[in-house]
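User: Please take a close look at the surroundings of the ligand. Then place them in the strands and domains of the chain.

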Amino acid sequence: MKPARFDYARPTTLAEALALLAQPDTAVLAGGQSLMPMMNLRVARPALLVDINRLPLAGITLAGGTLRIGALARHAEVLASPLVAQAAPLLPQALALVAHAAIRNRGTLGGSLSLADPAAELPACMLALDATFVVASAQGERRIPAGDFFHGLYSTALAPGDLLLAAELPAAKPGWRFAFQEVARRHGDFAMAGLALALGPNAARLALCGVEPGQRRQPAAEAALTAGDLPAALAALGRAEAMDSPDLPAAQRIHLAQVLLRRAVTQTEAADAAA
Ligand SMILES: Cc1cc2nc3c(=O)[nH]c(=O)nc-3n(C[C@H](O)[C@H](O)[C@H](O)COP(=O)(O)OP(=O)(O)OC[C@H]3O[C@@H](n4cnc5c(N)ncnc54)[C@H](O)[C@@H]3O)c2cc1C
């Protein structure tokens, strides 16, 4: 199928991009790996496509204990970045499971987070890593904690005219362990279920993908893990509000999430033993 008619702009400055996005019925084009199929299927029919690929939004920096990843950083770049490996080792674990090389070469951090696919790995990682998102519009810039950014199935705090500029993550502190686990039908497929875990001294952050329709942390499971009570954490995941579909019933998604939690905890224990 072909997309409906649309106008196209490729701004080179942020100010120009934000002015274009302030017009009605626009869409941001980043890697295009999700938007172009959606336009071809006419699920998305923007009047104006604002291609952000010429904006300087791809940088990855580590300064003052904060890792900043630009929205245009490709999955492949984040996966290969030594700074990311050092400051946010959860991300390469997860990104190795995102799609295939061709899609990772084009797909962007900002595109994945803005789309908020319930099965996507990166939103879960951002929650487990306590990220903050930097968002700009013609009205100015603001910061949104990951916990306030995701509003449910394909829904975020981004309003029309908003552009996600970057994710900022506190760099991993000593004593913290990170594990990303998932089950997919084939390597590179979207996850049937995935789990991102950050486990520190007296603290835990845990988020799922592919299980619930939205993206959120699991406070009851986190509290149980902090108390060292894995059975209670597993029981807490048993109360997840899982999606239900004929190919993957809710009970099966919950079972997978519990299996993944056991694996993730085992992985962090192995990392502890090796340290
Ligand atoms: C075959 C296939 C398999 C895939 N498998 C996986 C997988 O296993 N796991 C996974 O997580 N993903 C997977 N993906 C999706 C892939 O990760 C995409 O990269 C991602 O969904 C969107 O990123 P993008 O840069 O291509 O965004 P685009 O397609 O360009 O945009 C996606 C949406 O986000 C908006 N947007 C993009 N950037 C911004 C921004 N900076 N600010 C505001 N809005 C913005 C767009 O307007 C659009 O609505 C797969 C895709 C394909 C085609």
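Analyst: What follows starts at the ligand and works outward. This is a predicted model, in which local features need pLDDT of at least 70, side-chain atom pairs count only at pLDDT 80 or more, and totals for chains, interfaces and linings use all residues. Residues are numbered from 1 along each chain as its sequence is written.

The shell around the ligand holds 28 residues. A residue is near the ligand if its C-beta atom, placed from the backbone, lies within 6 Å of it. Gly31, Gly107, Gly110, Gly111 and Ala120 come nearest. By type, the shell divides into 16 nonpolar, 10 polar and two charged residues. Here Ala, Val, Leu, Ile, Met, Phe, Trp, Tyr, Cys and Pro count as nonpolar, Asp, Glu, Lys and Arg as charged, and the others, Gly among them, as polar.

Five elements each supply at least two shell residues: strand 2 (26-29), helix 6 (101-106), helix 7 (109-115), helix 8 (121-128) and strand 10 (163-170). Helices (H or I, at least four residues) and strands (E, at least two) are DSSP runs, numbered from the N terminus. Helix 7 gives the most, with five residues.

The chain is divided into domain 1 (7-51), domain 2 (60-170) and domain 3 (177-274). These bounds come from an automatic or database domain assignment. Domain 1 and domain 2 both give residues to the shell, so the ligand lies between them. The centres of domain 1 and domain 3, taken over C-alpha atoms, are separated by 35 Å.

Now to strand 2. It pairs with strand 3 in the parallel sense over four bridges; two strands pair if DSSP finds at least two bridges between them. Thr26 stands opposite Leu48 in strand 3. With helix 2 (residues 35-40), strand 2 and strand 3 make a right-handed β-α-β unit. Right-handed means that, with the strands pointing away from the viewer, the path from the first strand over the helix to the second runs clockwise. Strand 3 (residues 48-51) also pairs with strand 1 (residues 7-9), in the parallel sense, over three bridges. Within that pairing, Ala9 has Val50 as its bridge partner.

Strand 10 belongs to another arrangement. Five strands form an open sheet in the order 4-5-10-6-7, with antiparallel pairing. Strand 4 (60-63) and strand 7 (140-145) are the edge strands, each pairing on one side only. Strand 10 and strand 6 (residues 132-137) run antiparallel and are joined by five bridges. Leu164 of strand 10 is the bridge partner of Val135.
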